[in-house]
Amino acid sequence: MSPPSNDDRSARHSVRATARRTAALLNALTAEPDPDPGAIAGILLDHGELGPLELTADDVAGLRTAALRLREVFTADGVDEAAGVLNRLLREGTGPLRLSSHDGRSPWHPHLDSDDEAPWGEWFLASSCMALTVLLWEGQRPPGGLCSSPSCGDVFLTVGSGPERRYCSRRCATRERVAAHRRARAGSRSP
């Protein structure tokens, strides 16, 4: 097996890849009070972290604390509030901007955590803030939102153009449309 190309290695450090990782981790870390370290490690590996990867319960607790703070960006009411939340998180939870190549194991990329060996929670908060900040800057709108389905609660990213999203997936949108249709039909049959 050949080593990953520089393009492959730098793709995992792109803003959108980092934002996708943020949303996936945020949903997994906030779905239940005690997320499984193996499942969280699997998400990190799926999003380009190098293995083998073993997380402790303390690592996951730090990641969960960061996820709960980051969730505020996705629940913000408009771009100004999202920017305010990001500014607060950047001020309170990140270090100065620096470049890292992880001792030559990856392409140079920006970091806002204290160092390459920072705790998982610090790294997650810092890298996520950076990606979400760039998405807000590029789109001049919140970088994501919270699914409108009352039975869901997942966050989603708003990248690209098009109408404002309300649901995290087609599945949630379809489920809500079908439920609304059934309610409307049941209401029209009532005497």
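Is Gln 140 buried or exposed? Gln 140 comes out as exposed, with a relative accessibility of 56%. That residue gets its own panel further down; the legends below walk through several close-ups of this predicted model.

**View 1. The largest pocket, with a volume of about 630 Å³.** Here's the pocket to start with. Its lining counts 27 residues, and Glu 49, His 102, His 109, His 111 and Trp 123 sit closest to the centre. Three elements put in at least two residues each: helix H2 (15-30), strand S2 (109-111) and helix H6 (120-139). H6 is the top contributor, giving 6 residues to this lining. Sorted by class, the lining of the largest pocket splits into 11 nonpolar, 8 polar and 8 charged residues.

**View 2. His 111, a residue of strand S2.** Let's zoom in on one of the residues closest to the centre of the largest pocket. His 111 has a relative accessibility of 6%, so it counts as buried. Its contacts, leaving out residues up to four places away in sequence, are Pro 96, Leu 97, Arg 98, Ser 100, His 102, Trp 123 and Met 130. Two of those partners, His 102 and Trp 123, are also listed among the residues closest to the pocket centre. Follow the backbone over to Arg 98 and you'll find its C-alpha 5.4 Å from that of His 111, although 13 residues separate the two along the chain.

**View 3. The loop between S1 and S2, home to Ser 101 and His 102.** Strand S1 covers residues 98-100, and His 102 sits in the loop that leads from there to S2. What makes the backbone of His 102 worth a look is its phi, near 50°, a positive value in a residue other than glycine. Most residues other than glycine have a negative phi. His 102 counts as buried because its relative accessibility is 16%, and the cut-off is under 20%. Ser 101 is buried too, at 11% relative accessibility. Not counting residues up to four places away in sequence, Ser 101 touches Ser 106, Pro 107 and Trp 108.

**View 4. A cis peptide bond between Gly 51 and Pro 52.** Keep an eye on omega in this one: it is near -5° for the bond from Gly 51 to Pro 52. Most peptide bonds are trans. As for where this happens, Pro 52 belongs to the loop that joins helix H3 (37-46) to helix H4 (57-74).

**View 5. Gln 140, in the loop between H6 and S3.** Back to the residue from the opening. Gln 140 has a phi near 50°, again a positive value in a residue other than glycine. At 56% relative accessibility it is exposed, whereas His 102, with a phi also near 50°, is buried at 16%.

**View 6. The second largest pocket, holding about 370 Å³ of space.** Now for the other pocket. There are 20 residues in the lining, and those nearest the centre are Gly 144, Phe 156, Thr 158, Glu 164 and Arg 165. Strand S3 (144-146) and strand S4 (155-157) each bring at least two residues to it. S3 has the largest share, with 3 residues. By class, the lining of this second pocket has 8 nonpolar, 8 polar and 4 charged residues.

**View 7. Cysteines without a disulfide.** Which cysteine sulfur is closest to that of Cys 147? It belongs to Cys 168, at 3.8 Å, which is too far for a bond, since a disulfide needs the two sulfur atoms within 2.5 Å. Searching the whole structure turns up 0 disulfides. Cys 147 is buried, at 6% relative accessibility. Cys 129 is buried as well, with a relative accessible area of 0%.

**View 8. Residues 146-183, annotated by UniProt as "domain: Zinc finger CGNR" (unreviewed entry).** This span is 37% helix and 11% strand, and its end C-alpha atoms lie 23 Å apart. Ser 161 falls in the loop between S4 and helix H7 (170-189). At 77% relative accessibility, Ser 161 counts as exposed. Its C-alpha is 18 Å from that of Leu 146, with the two positions 15 residues apart along the chain.

Conventions:
Residues are numbered from 1 along each chain as its sequence is written. This is a predicted model: local features need pLDDT of at least 70, side-chain atom pairs count only at pLDDT 80 or more; totals for chains, interfaces and linings use all residues. Side-chain values use heavy atoms; hydrogens and water are left out. On a 1 Å grid over the protein atoms alone, a cavity is a set of points where a 1.4 Å probe fits but cannot get out, and a pocket is an open set with protein on both sides within 12 Å along at least five of seven lines; lining residues have an atom within 4 Å of a point. Grid points are joined across faces, edges and corners, and a volume is the space filled by probe spheres set on the points. Helices (H or I, at least four residues) and strands (E, at least two) are DSSP runs, numbered from the N terminus. Ala, Val, Leu, Ile, Met, Phe, Trp, Tyr, Cys and Pro count as nonpolar, Asp, Glu, Lys and Arg as charged, and the others, Gly among them, as polar. Buried means under 20% relative accessible area, exposed over 50%, partly exposed in between (1.4 Å probe, protein chains only). UniProt positions are given in the numbering used here, feature names are shortened, and annotations may be inferred rather than shown by experiment. Contact means heavy atoms within 4.5 Å.
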